Amino acid sequence: MSAENSAMAAVQVHKVNTAGGSSEVGDVTAREEPLEIRVEGRSVAVVMRTPGHDEELATGFLVSEGVVQRPRDILEVSQCPSTNNKHGNIVDVLLGGAVVNWDSLTRHVFSASSCGLCGKTSIESVFQQFPAVKGDWQVSPKLIAGLPDKLRAAQETFSKTGGLHASGLFDLDGNLVVLREDVGRHNALDKILGYALQRNLLPLDRHILLVSGRVSFEIIQKALAGGIPLVAAISAPSSLAVDFAQEAGQTLIGFLRGETMNVYTHPQRVEMSS
């Protein structure tokens, strides 16, 4: 089964017209299933995600939790077969010597697809100790304004279902490096972090992250884990996301629509005309 097919599920819907009449037609929805993430055989999280790139998701989750930083920190990532699902909804990560604080890592409840923080006892417990970002460079507003169209053009599953968030990683020339889609915006970003770790690209200090929706605190925290200096979003940031980006040295851009954008923090990375 292809990654795109595993991300979608076929359904029958009744299409109703308010002017009168209805018909039953076939449609597709974004698939949502639980994924259990294990570390050395021990369950540490269950996330609701769109199947596909599950090994990247598990790896990126451990990057954003501060457990791994380099490819050599992981010996093996394996997807365990499931008796009732052909995709396999368990991923086990075997570490290469990294030290795990099991008490802080283990989540005791399910993470909802809209919130990767569910199961944390307090907001303070997710403030990870990552260094402030580096990145003494500038890009033009025109380059940034062109990123949403590139992201949207690459969202193949969204174009069919309309039900997925996307994270896109771009280089400083505006080229799309990798895009990942998921029902959970935090999962899409974890998949990108996993992609980067597997290819020894961390830290991503010469890259731009664009997310398709709003920017929450956790998106900024995960971007910091990847060393990403500039985070842009088509929608709004939360107040905590702005505060965190300011402290972490990250440039945060919201309401990136058409030719306008709001730069909330560290505007020095955006070329400003006088």
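His53 sits in the loop that runs between β4 and α2, and that makes a handy place to start on this predicted model. The residue is not a glycine, yet its phi is positive, at about 55°. His53 counts as partly exposed because its relative accessible area is 37%, and the buried class stops under 20%.

**Into the helix**

Step one residue along and the picture changes. Asp54 belongs to helix α2, and at 5% relative accessibility it is under the 20% limit, so it counts as buried. In space, Asp54 has Leu35 for company: the C-alpha atoms are 8.0 Å apart, with the two positions 19 residues apart in sequence.

How much of helix α2 is covered? Of its 11 residues, spanning 54–64, 10 are buried. Among them are Asp54, Glu56, Leu57, Phe61 and Leu62, so charged names show up next to nonpolar ones in that list. As a general point, an α-helix has 3.6 residues a turn, so residues three or four places apart point the same way. Just past the end of α2, Gly66 takes a positive phi of about 80°.

**The loop after α2**

Two residues in the stretch between α2 and β5 are worth a look: Val68 and Pro71. Val68 is buried, since its relative accessible area is just 1%, while Pro71 counts as partly exposed because its relative accessibility is 31%.

Both have partners from far along the chain. Val68 and Leu197 are 129 residues apart in sequence, but their C-alpha atoms are 8.8 Å apart in space. Pro71 and Arg199 are 128 residues apart, with a C-alpha separation of 7.6 Å. Setting aside neighbours within four places in sequence, Pro71 is in contact with Leu197 and Asn200. With the same sort of neighbours left out, Val68 touches Leu197 as well, along with Thr59, Leu62 and Val63 of the helix region, plus Asp73, Ile74 and Leu95.

Here are the C-alpha distances mentioned so far, side by side:

| Pair | Apart in sequence | C-alpha to C-alpha |
|---|---|---|
| Asp54 and Leu35 | 19 residues | 8.0 Å |
| Val68 and Leu197 | 129 residues | 8.8 Å |
| Pro71 and Arg199 | 128 residues | 7.6 Å |

**Cores**

Which residues touch the most other members of the largest nonpolar core? In that set of 50 residues, the answer is Leu62 and Leu95. Apart from this core lies another one, made of 17 residues, with Leu172, Leu230, Leu256 and Val270 among its members. It's the familiar pattern: in soluble globular proteins, nonpolar side chains tend to be buried together.

Leu95 has quite a list of contacts. Leaving out residues up to four places away in sequence, Leu95 touches Val39, Glu40, Leu62, Val67, Val68, Asp73, Ile74, Leu75 and Val100.

Glu40 from that list has a backbone quirk of its own: a positive phi of about 50°, although it is not a glycine. Glu40 is found in the loop between β3 and β4. Buried or partly exposed? Glu40 is partly exposed, because its relative accessible area comes to 44%.

**The pocket and a cis bond**

The largest pocket holds about 350 Å³ of space. Its lining has 18 residues, and those lying nearest the centre are Pro131, Pro203, Ala225, Gly226 and Gly227. By type, the lining divides into 10 nonpolar, five polar and three charged residues.

Pro203 deserves a second mention. A cis peptide bond joins Leu202 and Pro203, with omega at about 0°. Pro203 is in the loop between α7 (185–198) and β9 (207–211), so defined by the helix and strand runs.

**The whole chain**

Zooming out, the protein chain comes to nine helices and 12 strands. Buried residues make up 51% of its 274 residues. Of the contacts with a separation of 6 or more, 52% are between residues 24 or more positions apart; the Val68 and Leu197 contact, at 129 residues apart, is one of that kind. As for the surface, the chain exposes about 12,900 Å², and carbon and sulfur atoms supply 49% of that area.

Definitions and conventions. Residues are numbered from 1 along each chain as its sequence is written. This is a predicted model: local features need pLDDT of at least 70, side-chain atom pairs count only at pLDDT 80 or more; totals for chains, interfaces and linings use all residues. Side-chain values use heavy atoms; hydrogens and water are left out. Buried means under 20% relative accessible area, exposed over 50%, partly exposed in between (1.4 Å probe, protein chains only). Helices (H or I, at least four residues) and strands (E, at least two) are DSSP runs, numbered from the N terminus. A nonpolar core is a set of buried Ala, Val, Leu, Ile, Met, Phe, Trp, Tyr and Cys residues joined through side-chain atoms within 4.5 Å. Contact means heavy atoms within 4.5 Å. On a 1 Å grid over the protein atoms alone, a cavity is a set of points where a 1.4 Å probe fits but cannot get out, and a pocket is an open set with protein on both sides within 12 Å along at least five of seven lines; lining residues have an atom within 4 Å of a point. Grid points are joined across faces, edges and corners, and a volume is the space filled by probe spheres set on the points. Accessible areas come from the Shrake-Rupley method with a 1.4 Å probe; for residues, only the protein chains shown count as cover.
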